[in-house]
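Subject: Structure for you to look at

Hi,

Here is the structure I promised to pass on. Please open it first, then read my notes below.

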Protein chains: 2
Amino acid sequence: MRDTDRSAVRALHLFADMTEASFEAVVRGSFLQSFPPGVELLRQSDTADFLHVLLDGSVELLAATAGRETTIAVVYPVASFILAAVLRDRTYLMSARTLTRARVLMIPGQNVRAVFAVDPAFAAAVVDELAVAFRFMVRELKNHKLRTGAERLANWLLLAMDPGGAVHLEFEKRVLAARLGMTPENLSRALATLGPYGVAVSGRVVSVTRPDELRRFAHPDPLIDQV
Amino acid sequence: MRDTDRSAVRALHLFADMTEASFEAVVRGSFLQSFPPGVELLRQSDTADFLHVLLDGSVELLAATAGRETTIAVVYPVASFILAAVLRDRTYLMSARTLTRARVLMIPGQNVRAVFAVDPAFAAAVVDELAVAFRFMVRELKNHKLRTGAERLANWLLLAMDPGGAVHLEFEKRVLAARLGMTPENLSRALATLGPYGVAVSGRVVSVTRPDELRRFAHPDPLIDQV
DNA sequence: AAATTGGTTTGATCTGAATCAAACGATACT
DNA sequence: AGTATCGTTTGATTCAGATCAAACCAATTT
């Protein structure tokens, strides 16, 4: 691992407070790898050999059963993923696939488990990361079970828009659709549904002209939408 | 806390490996309380003051927004709940309500956080518990997004049935419906749907006469259904 | 025994969303 | 410039589930 990468990794919340020796022990045997878009990084049901930390790009976590497939989450830097599987030394419950070019740090699972046992600061960071991940999943489940597609979209727009009310999509609409748990067709319709509340689409720019009205439609809820 | 309760609590996975001093520190200021059915133990958006450990009975975790409500999980003994909120010292994302009479151990959140920092065995148990909870949520989300109601029911029956193929419901069907994420009406219809696959209902007893056929319909998946 | 109550089932209807299909539009390629 | 490609939009249809309403059933109360 290059020195610049090393210090970037060291600065991650997960590794920031641990001792130098512990960091060394975690990182030994780890490697940083770059992937093109559309690569499957890991497959559900495989055993959890490596903790993945996304440094650049974006990665989709998805799950499949009986020929169906669904996106569970989209991961942005800097974040670890499949930490729970690594800690428990179990199989992955989700697959992961790069959406864009991505740089990923891969840390042998046994390093994580070994250092966890001896470095309290690392243990605390791991628990923090895991608790955040758990709460994220709860929010996702609430978002999905308590809201319609158009409502999920409206709330996403309210969070993503800049102070001027514009949202510049940095990815294809199909990716946004998956992230919001709907088909591309229905995303298109959901955007049309929000027209009367001041939402207009032009290519990859969505503009929110009357945020207050949109908010009234969306019913934003800090227990679902907040970071 | 009575001595018999104390040793029962001590035997929980979460507390089994910690030192006696740590256990003492966690338990000091904790209290064991009994509740009748239908009592709200905690409400979403309240601050997480107590870790709850269910010793007897059953508790429903539910979430609400914009006038809608949904069941996230049903908890059975022995299990802790809302651990993530307590560890992060945040507000609860879910409400909890007793379904039956229930005995609950309530542990001050600051005890948990304090002992976590000094007892590695406890820290390990906490991470384990949290990782299990996280993976449970992932499974739930997959179960919900990838399957129809009838399929969720079929898989539930396959897990709940005894070797003879009988399932004795220990609670009302409305509770099962909530647990499976559907209305009571649709549970009734889902049971009817499974008739051709050898499922028959008689009051609170459901019998599965042709498990292999039901399995073919259900597509059970260890990455969703397994414990 | 009759009546009340509360859970369950059945039926009809409505809504949200997926699917199938075709048109459209922008970009990249020859 | 013309053409292929791929993502997006629009339309029609189908499906899963929720909702509303009424009937039903069993257990308990009066």
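**A loop residue to start with**

A:Ser45 sits in the loop between β2 (40–42) and β3 (50–56) of chain A. Helices (H or I, at least four residues) and strands (E, at least two) are DSSP runs, numbered from the N terminus. A:Ser45 is not a glycine, yet its phi is positive, about 85 degrees.

Some ground rules. This is a predicted model: local features need pLDDT of at least 70, side-chain atom pairs count only at pLDDT 80 or more, and totals for chains, interfaces and linings use all residues. Residues are numbered from 1 along each chain as its sequence is written, chains are lettered from A and ligands numbered from 1 in the order in which they are written, and side-chain values use heavy atoms, with hydrogens and water left out.

**Cis peptides**

A cis peptide bond links A:Pro77 to A:Val78, with omega about -15 degrees. A:Val78 belongs to the loop between β5 and β6 (79–81) of chain A. In chain B, B:Pro77 and B:Val78 are also joined by a cis peptide bond, with omega about -15 degrees. B:Val78 lies in the loop between β5 (68–75) and β6 (79–81) of chain B.

**How the two chains are related**

A turn of 180 degrees and a shift of 0.0 Å along the axis lay chain A on chain B, with an RMSD of 0.0 Å. The two copies are thus related as by a two-fold rotation axis. The superposition is by least squares on the C-alpha atoms of residues with pLDDT of at least 70 in both copies. Which residue of chain A comes closest to the rotation axis? That is A:Phe134, with its C-alpha at 2.4 Å.

**The interface of chains A and B**

In chain A, 49 residues are in contact with 49 residues of chain B. Contact here means heavy atoms within 4.5 Å. The copies meet through the same surface, because 100% of the interface residues of chain A are also interface residues in chain B.

The two chains bury about 4400 Å² between them, and 73% of that is on carbon and sulfur atoms. On the chain A side, A:Leu93, A:Arg135 and A:Leu146 lose the most area to chain B, together 17% of what that side buries. Buried area is the accessible area (1.4 Å probe) that two parts lose on being put together, summed over both.

Four salt bridges cross the interface of chain A and chain B. The term needs a side-chain nitrogen of Lys or Arg within 4 Å of a carboxyl oxygen of Asp or Glu. A:Asp128 and B:Arg88 form a salt bridge through their side chains (3.0 Å, N to O).

There are 18 residue pairs in polar contact between the chains (both at pLDDT 80 or more). A polar contact is a pair of N or O atoms within 3.5 Å; within protein, one must be able to donate a hydrogen and the other to accept it, and residues adjacent in sequence count only if both atoms are side-chain atoms.

Which element gives the most to the side of chain A that touches chain B? α6(A) does, with 20 residues. That side divides into 26 nonpolar, 10 polar and 13 charged residues. Ala, Val, Leu, Ile, Met, Phe, Trp, Tyr, Cys and Pro count as nonpolar, Asp, Glu, Lys and Arg as charged, and the others, Gly among them, as polar.

**DNA strand C**

DNA strand C is surrounded by 14 residues, the closest being A:Thr148, A:Gly149, A:Asn186, B:Lys173 and B:Arg189. Of its atoms within 4 Å of the protein, 63% are sugar and phosphate. A residue is near a strand if one of its heavy atoms lies within 4 Å of it.

Backbone N or O atoms approach phosphate oxygens of DNA strand C. For A:Gly149 the distance is 2.6 Å, for B:Arg174 3.2 Å and for A:Thr183 3.5 Å.

**DNA strand D**

DNA strand D also has 14 residues around it; the closest are A:Lys173, A:Arg189, B:Thr148, B:Gly149 and B:Asn186. A polar side-chain atom of A:Arg189 is 2.8 Å from a base nitrogen of DNA strand D. The side chain of B:Glu185 has an N or O atom 3.2 Å from a base nitrogen of this strand.

Best wishes
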